[in-house]
Amino acid sequence: MTVMPDVQVLSFRDAVREGIRDAMRRDERVFLMGEDVGRYGGGFGVSLGLLEEFGEERVRDTPLSESGFVGAGIGAALGGMRPIVEIMTVNFSLLALDQILNTAATLRHMSGGQFNVPLVIRMTTGAGRQLAAQHSHSLEGFYAHIPGLRVVSPATVEDGFGMLATALEDPDPVVIFEHGSLYNEKGELPQPAAPVDIDFARVRRGGDDLTLITHGGSLRLCLTAADQLAADGISAEVIDLRTLRPLDDQTVMASVARTHRAVVVDEGWRSVGMSAEVAARVAEECFYDLDAPVGRVASVEVPIPYPRHLEQAALPSVERVVAAAERAVGRRG
Amino acid sequence: MMADLPSLYRQMLRIRRFEERCAELYSGERIRGFVHLYIGEEAVAVGVIDRLTPDDAIVATYREHGHALARGIAMDAVMSEMYGRTQGVSHGRGGSMHLFHAPSRFYGGNAIVAGGLPLAVGLALADRMQDRERVTACFFGEGAMAEGEFHESINLAALWRLPVLFVCENNLYAMGTALARSESETNLAVKAAAYEVPSWSCDGMDVEAMSHAAERAVALVRDSGGPVFLEARTFRFRAHSMYDPDRYREREEIERWRERDPITIASTRLIERGLMDQEALDAIDADVTSEVDAAVAAAEAGTDEDVADLERHVTSGGVRP
Amino acid sequence: MGDFRMPSLGADMTEGTLLEWLVHPGDVVHRGDIIAVVDTSKSAIDVEVFEEGRVVELLVQPGTTVPVGAPLARLDGVGVATDEGGRGPQPEATPKPKPKPKPKPEETLTPAPSPVPPAKEAARRAPAAQQHRDGSHIAASPFARRRAQELGVDLSTVVGHGGVISVADVEAAAGSGPSEAPPESVPPAQPPSAPAASDHAAAMRQAIGALMARSKREIPHYYLQTTIDMSAALDWLSGLNAERTVAERVLPAALLLKAVAVSARGMPDMNGFFVDGNFRPQDHVHVGVAVSLRGGGLIAPALHDADLASLDDLMPRMKDLVQRARSGRLRSSEMSDPTLTVTNLGEQGAELVHGVIYPPQVSLVGFGRIVERPIAVQGMLAVRPLLVATLAADHRVSDGHRGGLFLAAIDAALQSPENLQGGTS
């Protein structure tokens, strides 16, 4: 007699691929399109092997026409399909920003609720691989700014697999940000693998002295920072936002109301970004619970440089998170 | 199939009278925002849409009152939309530039130049992937042909052989910029043909010519399953929008085009062919005018949306796994 | 000529009841004198006058409830600067305050809540921004302000660590934390008194909980205990008390306090504050006396310079302190500056107590009940009154060896009780 393991260990890349495969097997309307998703197997190898299983119609290589194929995804969604559009990096997505903002996010509203766009856009985000100033940015905040979109940021293998299925069920456009540094990360996928919510933040580690609020690629460094802080007697709660729009204020505020201190960690630039939004909400909703100013650890305001030491200096790090946490609890000036 | 000229004439006149009233209402501050009038170009929408079936889709621009009316959307609903009323075709949320109507498969009302083209490609892609034999007609001005989205979209449609009818309404001015000042190749059909898309031009001031060109184009889309490009040479008689002082066009040029007013061409032809006399034409005019009067009355009597509902129609509110 | 008005004793206070006048018409009053007792619905508060002058007329009879800012008494010879806007007396630094630059409009959140917010809004409203005596803004976290309001702590009496008052500082002040504020500042943390509502008891329990939790979280305690033979001390005390009236008698508790105070003088690492990662030994020995309150709660006000006081001085001061602690008449300085604390379970208590240190103090001495027990004395079995003394001390500052010396010193002091009798001041 064999016993089915209740978890499967696999990489984030494999988890996303299995999520796509699962969705395409379950629903004929689902198809994948984007640059090099087919024969190449995806710019980051996510769709490797899917062309062989599903064929060229449903694993559709596109020309380098971000606006064109994202817009085509919108039209296909309007026409009854459930497209997954892959954009190789968030920087390239700017070429399609007109379609995402002016059409996908807006259509339901400007048609008075007549046309909704059940489109899923996946894109790689983030730095850390010396890809320099046009392939490394974290523009989640751009998209989270836009009413009409749902923006999610999976940080775990489980979310990498399970968010996609739920996103495909959403009648409105969902943008999924996959941090490039996560693809090789291994993690546990509970079996049977199932869709997960795309509404709520999650407490990834409990703590009492302060709340670290983060998402996506920064979750790991926050958890590492929390370990270091614990060794120093500081108990940090770590919240993974998961969904950046709409933000799950409730989970965040419940934690901050308890710990009285918050540090927001986001790989986007500090000014006018995700971290600014979260910090502002904490100030608005938890002001009288705060025992220290809300701290932020974000990217230094420079286009991401190529040299490794400069790139690392530009990004949030465990050291910067620990320092911000210590400032929040009064251990540093 | 021969075009039904009296019917086409009537459709054009509905658009003309509707928009003339819009200009008046705009001056009287009943309508606000941007209003782009189609006056002079009516033959294009009327001629093409006459050749579509109810199953086909239409993607239009911000100069789309004519397309909406030609598609058969109730004038009441279009005028109410101009007023921002809840009875409007887009429930008042869109206004002049964003007319949408799901039952007619009328997909806007897209006010980003060339922004509707990828949408049309996608609608056609969905039809292709679901084995539906439908045509998506996509209207855009010649200004859109300088946009990257035109090139991306026609390339995709050609590459994937998608049933899109690209209708370029070449009225010679992209807002205030003349064609020759924005395109290196002013023969637009030649430009489109570079994508291996069957392309030709037609007289956009003659509704019968327009209808015949559209008949051929739509048939080719249906038969081949691939895209066709149609350039309609036309002219708007009024400024770009109600804000536009129209300083960039010569009076004589406008007058010259007015001599080719599509409504005059059609009415003259109706009388010449003995299909109608002046009395019958006047009766149509009176009929259309009363339709416009009724639409205005309906819009005036319409209701404004409750501010409490401001955040409606943004998202569905999501789903649970 | 000016008025002595119903003061604002908390941002949420809208009115107060005059309980008692401590002056009469014709009395000359000085700045800092307590001239009335006011019930704020939370607690009875001694109210100071901030001016010099003579009481001309008492305008309000005891038992009367009047809004904040209402005149209570008329004074003359007074440069009362508080008439503007009908506000209550301000804790001005001088009788004739120098004209201050007018605060900018956005900073004019006044210390006196003259425009009273509707009760509903007040529930979740920020405590009115408070200012230092010099008019400068008090830097306190929003949560600290909220807690200060809940606990009735005047932020101007709280010392913030690192320049900003955090909630820990407020809770320390509400319990028995340090303060550099001058003693005349009002109001102190308010222990419950007659009209105290159960919510006050709950708030106090919460404050104690928070403070003790912080102590256990932050302070690496170590514990020592030693058994002290109290024969010599009790014999000496009974001799001393033999000729005295009941009211004049010295209780063992006073002797124990004195023994601790005197011993602490020679143990700088037991007597001081651990603040911002550094230990600050204190020159004075202000012994915190843990007083359990009727209706629950605990408060540990200070007996100042207990090491210098004679037993005859210490005993009435201790009684007075306990009485005032229980009636809610403590001064803020008593609340805020003990340098170490003694908890004495007394006659009714258990035999042994392992205490929790009051941050930012670094030691706490506990005494159990004195019980007669058989012990071996010089190889013979004897029955002696024994007392278990314990020490909880901060390992960041001292270690068990030093703690042992401290307990030994206390023991030694109690074996020569006659040396504890006199004062040094």
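This passage walks through the fold of chains A and B, a sheet in chain A, a hairpin in chain C, and the contact between chains A and C. The model described here is a predicted one.

Chain A is a good place to start. Its secondary structure amounts to 13 helices and 14 strands. Of its 333 residues, 59% count as buried. Where contacts in chain A link residues at least 6 apart in sequence, 79% of them join residues at least 24 apart. Chain B can be described in the same terms. Here the secondary structure comprises 11 helices and 8 strands, and 54% of the 321 residues of chain B count as buried. Among the contacts in chain B with a separation of 6 or more, 74% are between residues 24 or more positions apart.

Within chain A, 7 strands come together as an open sheet. Following the sheet across, the reader meets the strands in the order 3-2-4-5-7-6-12, and the pairing is mixed. Strand 3 (59-61) and strand 12 (243-245) of chain A form the edges, each pairing on one side only. On average, neighbouring strands of this sheet are turned by 20 degrees against each other, direction ignored. At the strand 3 edge, strand 2 (residues 30-34) of chain A runs parallel to strand 3 of chain A, and 3 bridges join the two. One residue pair helps to locate this pairing on the structure: Leu32(A) has Val59(A), in strand 3 of chain A, as its bridge partner.

A helix also packs on this sheet: helix 8 of chain A, spanning residues 157-169. Helix 8 of chain A touches strand 2, strand 4 (82-87), strand 5 (120-125), strand 6 (150-152) and strand 7 (174-179) of chain A. The direction of helix 8 makes about 165 degrees with that of strand 7 of chain A.

Turning to chain C, a hairpin is formed by strand 10 and strand 11 of chain C, with 2 residues between them. Strand 10 (residues 272-275) and strand 11 (residues 278-281) of chain C run antiparallel and are joined by 4 bridges. Gly272(C) is bridged to Pro281(C) in strand 11 of chain C. In the turn itself, Asp276(C) has a positive phi of about 55 degrees.

Finally, chains A and C meet: 9 residues of chain A are in contact with 10 residues of chain C. On the chain A side that touches chain C, the residues divide into 4 nonpolar, 3 polar and 2 charged.

Definitions and conventions: Residues are numbered from 1 along each chain as its sequence is written. Chains are lettered from A and ligands numbered from 1 in the order in which they are written. This is a predicted model: local features need pLDDT of at least 70, side-chain atom pairs count only at pLDDT 80 or more; totals for chains, interfaces and linings use all residues. Two residues are in contact if their C-beta atoms, placed from the backbone, lie within 7 Å. Ala, Val, Leu, Ile, Met, Phe, Trp, Tyr, Cys and Pro count as nonpolar, Asp, Glu, Lys and Arg as charged, and the others, Gly among them, as polar. A residue is buried if 20 or more other C-beta atoms lie within 10 Å of its own, exposed if 12 or fewer, and partly exposed in between; C-beta atoms are placed from the backbone. Two strands pair if DSSP finds at least two bridges between them. Axes are lines fitted to C-alpha atoms, for helices over the stretch in contact, and angles run from 0 to 180 degrees between N-to-C directions.
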